[in-house]
Amino acid sequence: MLSRTADCLYWMARYTERAENTARMLDVNHQTSLLPQPAEFLEQSWKKLLTISKLEEAFLSKYDVINRENVLDFMIYETSNPSSIVSCLYAARENARVIRGKITSEVWETQNTTWLELQRILEARHQADPSRPLEWVKHRCHLFRGVLYGTMLKNEAFYFISVGTLLERADNTARILETKYEDQATLKVLGANKSSDEGTDGEFFDFYHWAALLRSVSAFEIYRQIYSDQVTPKQVAELLIFNKQMPRSLVCCVNELIPLISEVKNQQSKEIERLLGKLKASMDYSDIDEVFEQGLEEYIESFLERINHIADEFSNAYLIPLAVA
């Protein structure tokens with residue numbers, strides 16, 4: 001397959017997955033921001049969302065204040081932000097247009113219709129509840145994957161799409177977990193985990209904070225099925241890192257990547273297989289107690305560094321040189 005074609009397939013998938021995961025991160029932040037909590041924490045949680053996405057500098061070049069309204073506008077609608085939902089959906093559609101001959105007409109129509117429907121949402125952007133367009137984005141990305149799996153041949157084109165999806169998903173699941181865990185740590189520092197004069201109940205907020213995180217990765221019902229008890233940070237982290245049956249867990253993404261690389265193997269893929277094998281082994285022989293002993297933030301940072309190094313190696317081996325996300 002030509003590098004140009006592989007590049008478009010890969011980035012079509014990554015941008016679609018990125019749009020969905022950005023919608024998930026924004027939705028969980030929006031939902032938790034509606035709970036009673038200190039004003040300092042609200043500002044910190046929105047700032048952390050920008051920091052973890054490495055967008056704080058770009059944001060501050062356009063906005064004076066970090067607050068919910070400005071961050072939502074920047075992360076959903078701002079076309080100068082390459083990671084905004086609008087930018088991602090546009091890039092996904094453009095990549096699909098370039099390689100229409102390699103995807104089914106149903107996949108193309110799904111991407112194109114998403115872009116056309118988005119124009120109507122943009123017209124009503126100031127009237128809509130932010131949860132509504134975010135839910136719409138998640139629904140359209142689900143539809144894209146359903147059409148993809150239902151109509152595409154399981155050939156090289158499908159494998160490149162799948163690799164792009166899984167690399168982006170692993171990166172974003174790790175970032176969502178890191179962001180919300182650090183938010184909780186900040187909240188404890190601010191003393192909001194104790195009942196205050198304003199009536200903030202720590203246990204109440206803890207539950208809805210972690211429940212919102214689970215819902216942001218479609219894992220709340222899965223958590224209840226597996227643990228059947230109180231929602232705790234350690235069990236949430238265990239589910240999202242180590243559960244091999246959880247579709248968005250880090251280990252599930254890594255495990256599914258390994259056979260895909262074998263399907264598109266070339267002379268340059270040996271290093272990718274080695275890196276994935278080492279990452280899989282380190283996860284197979286670790287557990288959640290070891291992660292918390294090391295420090296969850298440090299573990300997630302290490303995972304992000306390793307999975308993004310694998311993504312760079314994949315780009316060097318298969319795609320157009322110097323491809324930029």
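Biologist: At what angle do H1 and H5 pack?
Modeller: This is a predicted model, in which local features need pLDDT of at least 70 and side-chain atom pairs count only at pLDDT 80 or more, while totals for chains, interfaces and linings use all residues. Residues are numbered from 1 along each chain as its sequence is written, and side-chain values use heavy atoms, with hydrogens and water left out. Helices (H or I, at least four residues) and strands (E, at least two) are DSSP runs numbered from the N terminus, and axes are lines fitted to C-alpha atoms, for helices over the stretch in contact, with angles running from 0 to 180 degrees between N-to-C directions. On that footing the axes of H1 and H5 are 8 Å apart, and the two helices pack at an angle of about 155°.

Biologist: Are H1 and H5 roughly parallel or antiparallel to each other, and which hand does their crossing have?
Modeller: Angles under 35 degrees count as roughly parallel, over 145 as roughly antiparallel, 65 to 115 as roughly perpendicular and the rest as oblique. The pair H1 and H5 is therefore roughly antiparallel. A crossing is left-handed if the near helix is turned anticlockwise from the far one by less than a right angle, and right-handed if clockwise, and for H1 and H5 the crossing is left-handed.

Biologist: How many nonpolar residues are in the contact of H1 with H5?
Modeller: With contact meaning heavy atoms within 4.5 Å, H1 contributes residues including Trp11, Tyr15 and Leu26, and H5 contributes residues including Ile85, Leu89 and Ala91. Ala, Val, Leu, Ile, Met, Phe, Trp, Tyr, Cys and Pro count as nonpolar, Asp, Glu, Lys and Arg as charged, and the others, Gly among them, as polar. Along with three polar and two charged residues, the contact of H1 with H5 has nonpolar residues numbering 14.

Biologist: How far apart in space are Ala91 and Trp11, C-alpha to C-alpha?
Modeller: Ala91 belongs to helix H5, residues 85-98, and counts as buried because its relative accessibility is 16%, where buried means under 20% relative accessible area, exposed over 50% and partly exposed in between (1.4 Å probe, protein chains only). Although Ala91 and Trp11 are 80 residues apart in sequence, their C-alpha to C-alpha distance is 8.1 Å.

Biologist: How many charged residues does the contact of H1 with H7 have?
Modeller: The axes of H1 (residues 3-33) and H7 (residues 131-151) come within 9 Å and cross at roughly 150°, so the two are roughly antiparallel, and this crossing is left-handed. Among the residues of H1 that meet H7 are Glu17, Arg24 and Asp27, and the H7 residues that they and others meet include Glu135, Lys138 and Arg145. Beside eight nonpolar and five polar residues, the contact of H1 with H7 has charged residues numbering seven.

Biologist: How many residues does the largest nonpolar core have?
Modeller: A nonpolar core is a set of buried Ala, Val, Leu, Ile, Met, Phe, Trp, Tyr and Cys residues joined through side-chain atoms within 4.5 Å. Across the chain, buried residues make up 54% of the 325 residues, and there are 15 helices and zero strands. Leu26, Ile241 and Met283 are among the residues with the most contacts inside the largest nonpolar core, whose residues number 103.

Biologist: What separates the C-alpha atoms of Phe242 and Cys252?
Modeller: Phe242 is found in helix H11, residues 233-242, and is classed as buried because its relative accessible area is 15%. Not counting residues up to four places away in sequence, Phe242 touches residues including Val251, Met283 and Tyr299. Phe242 and Cys252 are 10 residues apart along the chain, and their C-alpha atoms are separated by 7.8 Å.

Biologist: Where does Lys54 lie?
Modeller: Lys54 has a positive phi of about 60° although it is not a glycine. Its relative accessibility is 72%, so Lys54 counts as exposed. Its place is the loop between helix H2 (39-52) and helix H3 (56-60).

Biologist: At what relative accessibility does Ser218 count as partly exposed?
Modeller: Ser218 is not a glycine either, yet it has a positive phi of about 55°. The place of Ser218 is in the loop between helix H9 (202-216) and helix H10 (220-227). Ser218 counts as partly exposed because its relative accessibility is 40%.
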